[in-house]
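Please look through the structure shown here before reading on. The report below takes up a few kinds of local detail in turn.

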Amino acid sequence: MSQLEAIQDQPPWLPRLTAHGGPRFLQIADALQAAVADGALKPGDRLPPQRQLAAQLDVDLTTITRAYDEARRRHLLEGRGARGTYVAAPKVELAPVLDLGMNTPPPPHGVDFDDLLKQGLSQVLMRTDNDLLMTYHLGGGGHAERRAGVQWLAPMFGPLDPEQLVVCPGAQAALAASVLALTKPGDTILAEPTTYPGLRATADQFGRHLVAVAADRHGMVPELLEQACRQRKPGLVYLNPTLQNPTAVTMPETRRRELAAIAQRCHVRIVEDDPYWLLADAAPPPVATFAPQQVYYISTLSKCLSPGLRVAFVLIRDPRERERFMAALRSFALMAAPLTAALATQWILDGSADGLLAGVRSEARLRHRLARDILAGRYSGAGDGLHVWLELPAYWPAAQFALAADSEGIAVTPAQAFATDGAAANAIRISLGSIKQRGHLQAGLQRLSHLLARRPESSSAAVV
C-alpha cells in the first residue's frame, strides 16, 4: 500500500495529534482506549499494521510501537503473531461506571505522581523523628506547617504573619469550625441559591438556617445581600467566589469589593471558601483582601493537589476570632494527621507542590478543551478549574437526566444537590478530574453528548 493510500484509508477512531496534547504515543493509546470504551472498536477488531499507522499519522514507527505497548499494558490489545494486532476481549467489566460526579484534581500532566509521593515521604521520614509523626500535636499546626501555609497563600495575599494561620484537617472541617465559632443554633447563614453541598450538610447538622441570596452572572447580588443582612441579622455569609462550585462562575473584583464593604457596614462575618483560586486563570484578589477583619479565608490542598492531603489553611487575622475558631475546631478535630501535614509541608517548602499544581492546571485545561469540543454549544466552563456547569434542554429535567446517565454507566450530579433552599436550576455539574484516563473521560463525555441529543422516553416527565 502506498503512503497516499494509507492516509486515505485512515480509520475514523484515530486522534488528531496536537502539540499540546501530551506525548504522541499516549494520545494514540488514549484514542484506542476511548474507541474501545464507546464501541468504535470491538473485541476481535484487527488494527492496522504499525508501519501503515505511522504513515497515516505522520509519526515515526517507534511512536506507534510505544502506543501499542501502552495499549497492551492497559489490556486493550493482544498480538496474534503473523496475523497482526487485535482488540482484546475485556478481562473486567466492559463498561465500568465513569465517575463525572466527584470534584477531584485530575492526574497531573507531565508529573510522575507515584515517584513524587515516594520521594516526598522518603524526605519526611529522613528529616522527621518518626515518633513525632505518630503522636498528638497541638491544634492549629506547628511553626513549619504555618510557614508552609504562608508560602501557599503568598500568590493570593503576599507576605503574611504565620501566627494568623490555622492548619486544619481539610476544608470541610474548617467550614464546620467556622459555623460553630460564628453562629449559634437557630442562626441564619446566607449563601447563593446554588452552593456547595457541604455547607448545607453542616447547617442541617448544627441546626442553622440556610437562606439563599439571589445571584447574577457575577455572583451574589450586593443590594440583596445588604437587605438580607439588615432583615435577618445572619451569623455569617458564605462565599465561594472563584470557579464557584457548582456554577464555575468567578466573581469579578468589583463585586468582591462591594460584598466586602457590605460585610463591614453590617458587621457580619464572611467565610470565604476558596479551594480553586490557584487553578483559575488570573483570579481577582480574594474578598479577604478588601475586608481583612471580616473574613475567614479557607484554602485547601485537596482540590489543587490531591484529595489524600487532608490539609487546609485558614487565615483569621483577629487573635480573639482565631481562638474562638480553634476552640470550635478542637471540639471535633484535634489536629491534621501529622504524616500528611508533614508531607504537605515538605512539598510546599521544597517546591514540589508548585510542580504538582502546574501539572494539575495543565491537565485540567486539556480536559476543558476536550469538554468544549465534545459538548459544543452547551459547554459553559471557564477553561480552567475542575468542573463544568451544564444547563440542560427543557425536555431533560436534571434529576431524570442524571438517572438516564447512570443507566449509561456515567455518574453526574444534578442541580438539586446544590440547591440552598429547595429551588434548583435545570442543570448538572460535570466533574472533569475524577476519571484517571483522559480517553475514558472522552468516552464518557461523548456518551453524555449523545444522551443530550435524544429526548427521554417520557418527554412529559415532571422535574423532580
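What follows is a report on cysteines, aromatic rings, helix packing and backbone details in a predicted model.

**Cysteines**

A natural place to begin is with the cysteines: how many disulfides does the model hold? The count comes to zero disulfides, where a disulfide is taken to be a pair of cysteine sulfur atoms within 2.5 Å. For Cys229, the closest cysteine sulfur belongs to Cys266 and lies 4.6 Å away, which is too far for a bond because the two sulfur atoms would have to be within 2.5 Å. Cys304 is likewise in no disulfide, and the nearest cysteine sulfur to Cys304, that of Cys168, is 16 Å away.

Are these cysteines buried or exposed? Cys229 is buried, with a relative accessible area of 4%, and Cys304 is buried too, with a relative accessible area of 1%. Cys168, which is found in strand E4 (residues 165-168), is also buried, at a relative accessible area of 0%. These residues count as buried because the word applies to a relative accessible area under 20%. As for its place relative to another part of the chain, Cys168 is separated from Pro292 by 124 residues in sequence and by 20 Å in space, C-alpha to C-alpha.

**Aromatic rings and charges over them**

A pair of aromatic rings is described by the distance of the centres and the angle of the planes. In this model the count comes to five aromatic pairs, and the table gives two examples from among them.

| Aromatic pair | Centre to centre | Angle between the planes | Kind |
|---|---|---|---|
| Trp389 and Phe418 | 6.0 Å | 80° | edge-to-face |
| Trp396 and Phe401 | 5.2 Å | 85° | edge-to-face |

The pair of Trp389 and Phe418 links distant parts of the chain, 29 residues apart: Trp389 is in strand E13 (residues 387-391), while Phe418 is in the loop between strand E15 (413-414) and strand E16 (427-431). Both Trp389 and Phe418 are buried. In the other pair of the table, Trp396 is buried with a relative accessible area of 3%, and Phe401 counts as buried at 0% relative accessibility.

Two arginines can be described together with aromatic rings. Arg66 lies over the face of Phe25, at 3.9 Å from the ring centre, and Arg80 lies over the face of Tyr86, at 4.2 Å from the ring centre.

**Helix packing**

Two packed helices are described by the angle between their axes and the distance between the axes. Helix H14 (residues 352-375) packs against helix H16 (residues 438-453) at an angle of about 25°, and their axes are 9 Å apart. H14 and H16 are therefore roughly parallel to each other, because an angle under 35 degrees counts as such. Their crossing, that of H14 and H16, is right-handed.

Helix H16 also has a contact with helix H15 (residues 398-407), where the axes come within 11 Å and cross at roughly 130°. How are H15 and H16 placed to each other? H15 and H16 are oblique to each other, because an angle of roughly 130° is neither over 145 degrees nor within the range from 65 to 115 degrees. The crossing of H15 and H16 is right-handed.

**Backbone details**

Most residues other than glycine have a negative phi, and most peptide bonds are trans. Against this background, a few places in the chain deserve a look. A cis peptide bond joins Asn245 and Pro246, with omega at about 20°, and Pro246 is found in the loop between strand E9 (236-239) and helix H11 (253-266).

Asp58 has a positive phi, near 60°. This Asp58 is placed in the loop between helix H3 (50-57) and helix H4 (61-73), and Asp58 is exposed, with a relative accessible area of 63%. Ala282 has a positive phi as well, near 55°. Ala282 lies in the loop between strand E10 (269-273) and strand E11 (295-300), and is exposed, with a relative accessible area of 69%.

**A residue of helix H11**

Arg265 lies in helix H11 and is partly exposed, with a relative accessible area of 45%. Arg265 and Glu226 are 39 residues apart in sequence, and in space they are 8.8 Å apart, C-alpha to C-alpha.

Methods
Residues are numbered from 1 along each chain as its sequence is written. This is a predicted model: local features need pLDDT of at least 70, side-chain atom pairs count only at pLDDT 80 or more; totals for chains, interfaces and linings use all residues. Side-chain values use heavy atoms; hydrogens and water are left out. Buried means under 20% relative accessible area, exposed over 50%, partly exposed in between (1.4 Å probe, protein chains only). Rings of Phe, Tyr and Trp (its six-membered ring) pair if their centres lie within 6.5 Å; planes under 30 degrees apart count as stacked, over 60 as edge-to-face and the rest as tilted. Helices (H or I, at least four residues) and strands (E, at least two) are DSSP runs, numbered from the N terminus. A charge sits over a ring if NZ of Lys or CZ of Arg is within 6 Å of the ring centre and within 35 degrees of the ring normal. Axes are lines fitted to C-alpha atoms, for helices over the stretch in contact, and angles run from 0 to 180 degrees between N-to-C directions. A crossing is left-handed if the near helix is turned anticlockwise from the far one by less than a right angle, and right-handed if clockwise.
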